[in-house]
Amino acid sequence: MPLFGVTFITVFSLIFAFIFGTVLASFITCTAGRLLAGMDWINEHSHCDTCGHQLGALDLFPIFSYLLLGGKCRYCGAKVPVRCLISEVLLGFVFVAVVILHGRIDVIMVRNLLLAMLMMGISFCEIDGSIIHEGFITAMLVIWIGTLPFVPDLQNYIADGVIACFLICGFFMVISYLRTSKGRECFKPGFIKLMAVYLLYTGLYAGVAFLAVSFIIHMFVKPFKKTIVPAMSVCCLIFMCCMTDRMDTSQIHGYITAVADYIRVF
Ligand SMILES: [Zn+2]
């Protein structure tokens with residue numbers, strides 16, 4: 001559905017995208033907290049982490065509740081982490097940016113937005129509980145499989161993802177083996193799984209670029225030095241904004257041509 005023909009539809013779509021982003025950010029923050037606490041993430045009512053008071057609809061409105069309550073719990077006055085506000089605003093703006101750049105709403109765009117949301121959830125679990133939660137990785141895989149019928153150039157897209165997965169994860173598994181055999185610190189459990197599923201989405205070229213930028217953010221940006229997963233999450237948001245179309249189609253034709261050219265030279 002093209003969005004930029006009628007002003008009303010454009011404005012409505014952008015406002016909707018922003019609200020959708022903030023709501024999903026709020027949902028994923030809450031889900032990450034519940035998963036870490038070992039709670040039921042679907043049926044449990046939201047409550048304050050400090051006083052345990054059940055939260056009402058007015059306490060759960062993205063952005064506004066935080067601002068109106070001054071970043072504090074209405075019932076006990078405990079501070080709500082500013083990260084909640086930042087993640088809501090950030091995901092709202094990323095969703096708006098993606099809709100503007102993409103120019104239409106389709107299943108693949110929504111899939112990419114859900115990927116950004118899940119990466120955010122994985123980061124929160126990693127920051128708060130130092131674990132890469134399997135539940136998010138499974139959700140990423142299920143969404144990837146479920147949206148395959150909507151991907152153009154399906155065969156090449158799958159081939160691209162699987163090649164990326166084997167090559168890059170294989171490389172990291174060798175490094176992992178070498179480090180372990182020398183008794184050195186290794187990757188966190190779940191890291192290679194997370195990368196494998198992410199690479200299915202990106203394919204080889206975008207995957208390599210994604211990991212390179214993630215490692216650069218991880219090594220040189222101070223708040224991301226402790227663990228790489230939040231850097232991957234930020235990188236995912238950057239990629240959403242600047243190369244969302246790259247994630248819709250396979251680049252496999254590109255490297256088949258490159259290999260063919262290389263062979264022809266000799
Ligand atoms: Zn409270």
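**Figure 1. Surroundings of Glu 126 in the predicted model.** Outside its neighbours within four places in sequence, Glu 126 is in contact with Ile 131, Ile 132, Lys 188, Thr 227, Val 229 and Pro 230. The model shown here and in the other views is predicted. Glu 126 belongs to helix α4, which spans residues 107-129. With a relative accessibility of 3%, Glu 126 is classed as buried.

**Figure 2. The zinc ion and its cysteine donors.** Four sulfur atoms of the protein serve as donors, namely SG of Cys 48, Cys 51, Cys 73 and Cys 76, and they lie 2.3 Å from the zinc ion. The angles among the four donor atoms run from 104 to 119 degrees, and the site is tetrahedral. Along the chain, the spacing of the donors is C-x2-C-x21-C-x2-C. Two of the donors can be described by their accessibility: Cys 48 is buried at 8% relative accessibility, whereas Cys 51, with a relative accessible area of 37%, is partly exposed.

**Figure 3. Cys 235 and Cys 236, two cysteines without a disulfide.** A disulfide is a covalent bond between the sulfur atoms of two cysteines. The whole structure, when searched, yields zero disulfides. For Cys 235, the closest cysteine sulfur is that of Cys 236, and at 7.7 Å the separation is too far for a bond. The cut-off for a disulfide is a pair of cysteine sulfur atoms within 2.5 Å. Seen from the other side, Cys 236 is in no disulfide either, and the cysteine sulfur nearest to its own is that of Cys 235. Cys 235 has a relative accessible area of 0% and is buried; Cys 236 is likewise buried, at 0%.

**Figure 4. The largest nonpolar core.** This core contains 62 residues, and Leu 91, Met 140 and Leu 194 have the most contacts inside it. Helices α1 (7-36), α3 (82-102), α4, α5, α6 (154-181), α7 (191-220) and α8 (229-242) each contribute at least two residues to the core. The largest share is that of α7, with 14 residues. In soluble globular proteins, nonpolar side chains tend to be buried together.

**Figure 5. Confidence of the prediction by element.** The mean pLDDT of the protein chain is 84, and 89% of the residues score at least 70. Among the elements of the chain, helix α5 (residues 134-146) has the highest mean pLDDT, 93. The lowest mean, 60, is that of helix α9 (residues 252-265).

Terms used:
Residues are numbered from 1 along each chain as its sequence is written. This is a predicted model: local features need pLDDT of at least 70, side-chain atom pairs count only at pLDDT 80 or more; totals for chains, interfaces and linings use all residues. Side-chain values use heavy atoms; hydrogens and water are left out. Donors are N, O and S atoms within 2.8 Å of the metal (3.2 Å for Na, K and Ca); water is not among the atoms, so sites may look incomplete. Four donors count as tetrahedral if all angles lie between 85 and 135 degrees; four count as square planar and six as octahedral if opposite donors are over 155 degrees apart and all others between 65 and 115; anything else is irregular. Buried means under 20% relative accessible area, exposed over 50%, partly exposed in between (1.4 Å probe, protein chains only). pLDDT is the predictor's confidence in each residue, from 0 to 100. Helices (H or I, at least four residues) and strands (E, at least two) are DSSP runs, numbered from the N terminus. Contact means heavy atoms within 4.5 Å. A nonpolar core is a set of buried Ala, Val, Leu, Ile, Met, Phe, Trp, Tyr and Cys residues joined through side-chain atoms within 4.5 Å.
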